[in-house]
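Subject: Handover of a structure and its findings

Dear colleague,

Please find below the structure that I am handing over to you. I would be grateful if you could read the notes beneath it with the structure open.

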Amino acid sequence: MGEFSPFHWLLVIAIALLLFGPSKFASLGKSLGEGIRNFKSAVKEGEEKKEEKAEEKKS
């Protein structure tokens, strides 16, 4: 009962399409994808800086 089945996801997507329309829905997906991509790159950049600081402390 608490799990989302594929039918539930299709229903949610259909309602979102009705509310926002296809053009807004596509731009929303694009914006969400860019946000996730930027978040991943920021996390990766933070890990690289942390590794550089660790190397500097060892020297």
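The notes below describe the overall form, the surface patches, the charges and some individual residues.

Please bear in mind throughout that this is a predicted model.

Overall form

The chain contains one helix and zero strands. Its radius of gyration is 20 Å, well over the 10 Å that the globule rule gives for 59 residues, so the chain is more spread out than a compact globule. The C-alpha trace spans about 60 × 30 × 10 Å along its principal axes. Helix 1 covers residues 6-58.

As to burial, 3% of the 59 residues in the chain are buried. The area that the chain exposes comes to about 5,800 Å², and 65% of it is supplied by carbon and sulfur atoms.

The nonpolar patch

Which residues make the nonpolar surface patch? They are Phe7, Leu11, Ile15, Leu19, Phe20 and Leu28, and the patch has an area of about 650 Å². Leu28, one of these residues, lies in helix 1. Leu28 counts as partly exposed because its relative accessibility is 46%.

Charges and the salt bridge

The chain carries 10 positive and 9 negative charges, and the mean positions of the two sets are 5 Å apart.

Side chains of opposite charge can pair when their charged atoms come close. How many salt bridges does the model contain? The count comes to one. Lys49 and Glu45 form a salt bridge, with their closest N and O atoms 3.7 Å apart. These two residues are four residues apart in helix 1, which means that about one helical turn separates Lys49 from Glu45. Lys49 has a relative accessibility of 47% and therefore counts as partly exposed. Glu45 is likewise partly exposed, its relative accessible area being 45%.

The negative patch

A second feature of the surface is a negative patch, formed by Glu47, Glu48, Glu51, Glu52, Glu55 and Glu56. Two of its members may be described in detail.

Glu55 is located in helix 1. With a relative accessibility of 54%, Glu55 counts as exposed, since the cut-off for that class is over 50%. Glu55 and Lys44 are 11 residues apart along the chain, and 17 Å separates their C-alpha atoms.

Glu56 is also found in helix 1. Its relative accessibility is 60%, so Glu56 counts as exposed.

Further residues of helix 1

Two other positions may help you to find your way along the helix.

Phe25 has its place in helix 1. Is Phe25 buried, partly exposed or exposed? Phe25 counts as partly exposed, because its relative accessibility is 27%, whereas buried would require a value under 20%. From Phe25 to Lys49 the distance is 36 Å, C-alpha to C-alpha, and the two are 24 residues apart in sequence.

Ala14 lies in helix 1 as well. At 36% relative accessibility, Ala14 is counted as partly exposed. Between Ala14 and Lys44 there are 35 Å in space, taken from C-alpha to C-alpha, and the two residues are 30 apart in sequence.

In brief, the predicted model has one helix and zero strands, a nonpolar surface patch that includes Leu28, a negative surface patch that includes Glu55 and Glu56, and a salt bridge between Lys49 and Glu45.

With kind regards

How values were computed
Residues numbered from 1 in each chain as written. Predicted model: local features only at pLDDT ≥ 70, side-chain atom pairs only at ≥ 80, totals over all residues. Heavy atoms only, no water. Patch = residues over 30% accessible without salt bridge, like charges linked within 9 Å, V, L, I, M, F, W, Y side chains within 5 Å. Areas by Shrake-Rupley, 256 points an atom, 1.4 Å probe, with all protein chains shown as cover. Salt bridge = Lys/Arg side-chain N within 4 Å of Asp/Glu carboxyl O. Buried < 20%, exposed > 50% of the residue type's maximum accessible area, 1.4 Å probe, protein only. Rg over C-alpha atoms; globule rule 2.2 N^0.38 Å. Lys, Arg positive; Asp, Glu negative; His and termini not counted. Charge placed at Lys NZ, Arg CZ, Asp CG, Glu CD.
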